[in-house]
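This report goes through one protein chain, from its overall make-up to its interior, its surface and its cysteines. The sequence and structure come before the details.

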Amino acid sequence: NELIERYHYLRYSPLNGAQMRYLVFSRERLLAAMGFCAAAWALAPRDQFIGWSPSQREQRLHRVVNNARFLVPPWVQSHNLASRILALAARNLPQHWLERYGYRPVLLETFVDPQLYSGTCYRAANWIYVGKTKGRGKRERHNRRILPVKDVFLLPLHPRFREICCSELQQKTTDAT
């Protein structure tokens, strides 16, 4: 938390919902800090990319995980390190999430401020650019832009992520006797 507070442009804030944090080391040398948490509730570019209905999103949103923080500290200099760390996290996170929460995520999302970063490390790690946010943030309730518009990147973790996210919902039936 201290690393993120001190060196990440968004500073520290508590992560939402289910979450996992990583510190990445090479021997004793700290290389990066990462935070993953619950996905954004409504995100038009992601929702269009998946192709799910509002009811499917409500039932399956937990299968999407947000890479809310990614920091390579300023004293770490290494070509391609960020994209390698992102790829490593994408390989390991589904199993770690399963062990902690009992299910595997099928898609990762993240937001990149294009005024500060180009998203090169995400592109190099095979994340897909799908559009831009509206700049409203999770707390805005009056449809106003209150935050910078950010680029949205997604990374499928499962080859059938759309099928998993969009399959018919299981209906619970009860006897009315």
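## Burial and overall make-up

A residue counts as buried when its relative accessible area is under 20%, as exposed when that value is over 50%, and as partly exposed in between. By this standard, 40% of the 177 residues of the chain are buried. The model is predicted. The accessible surface of the chain comes to about 11,100 Å², and 49% of it is supplied by carbon and sulfur atoms.

The chain holds 6 helices and 6 strands. Read from the N terminus, their order is α-β-β-α-α-β-α-β-α-β-β-α. Many contacts span long stretches of sequence: of those between residues at least 6 apart, 66% join residues at least 24 apart.

## Nonpolar cores

The largest nonpolar core is made up of 25 residues. Met34, Phe36, Phe70, Ile85, Leu93, Leu108 and Trp127 have the most contacts inside this core. Two or more residues each come from β1 (19-26), β2 (29-38), β3 (64-71), α4 (81-101), β4 and β6 (151-156). The largest share belongs to α4, which gives 8 residues.

Another core, of 13 residues, lies apart from the largest one. Its members include Ala39, Leu61, Leu107 and Val152.

## A nonpolar surface patch

Which residues form a nonpolar patch on the surface? They are Tyr9, Leu10, Leu116 and Tyr117, and together they have about 370 Å² of accessible area.

Within this group, Leu116 sits in the loop between β4 (107-112) and α5 (120-124). The relative accessible area of Leu116 is 49%, so this residue is classed as partly exposed. A patch residue needs over 30% relative accessible area, and Leu116, at 49%, is therefore eligible on that count.

## Cysteines

How many disulfides does a search of the whole structure find? The search gives 0. Cys165 is in no disulfide, and its nearest cysteine sulfur, that of Cys166, is 6.1 Å away. A disulfide requires two cysteine sulfur atoms within 2.5 Å, so the 6.1 Å between the sulfurs of Cys165 and Cys166 does not qualify.

Is Cys165 buried or exposed? Its relative accessibility is 0%, and Cys165 therefore counts as buried. Cys121 has a relative accessible area of 22%, which means that Cys121 is partly exposed. The cut-off for burial is under 20%, so Cys121, at 22%, does not count as buried.

Definitions and conventions
Residues are numbered from 1 along each chain as its sequence is written. This is a predicted model: local features need pLDDT of at least 70, side-chain atom pairs count only at pLDDT 80 or more; totals for chains, interfaces and linings use all residues. Side-chain values use heavy atoms; hydrogens and water are left out. Patches are made of residues with over 30% relative accessible area and no salt bridge: like charges are joined within 9 Å, nonpolar side chains (Val, Leu, Ile, Met, Phe, Trp, Tyr) within 5 Å. Accessible areas come from the Shrake-Rupley method with a 1.4 Å probe; for residues, only the protein chains shown count as cover. A salt bridge is a side-chain nitrogen of Lys or Arg within 4 Å of a carboxyl oxygen of Asp or Glu. Helices (H or I, at least four residues) and strands (E, at least two) are DSSP runs, numbered from the N terminus. Buried means under 20% relative accessible area, exposed over 50%, partly exposed in between (1.4 Å probe, protein chains only). A nonpolar core is a set of buried Ala, Val, Leu, Ile, Met, Phe, Trp, Tyr and Cys residues joined through side-chain atoms within 4.5 Å. Contact means heavy atoms within 4.5 Å.
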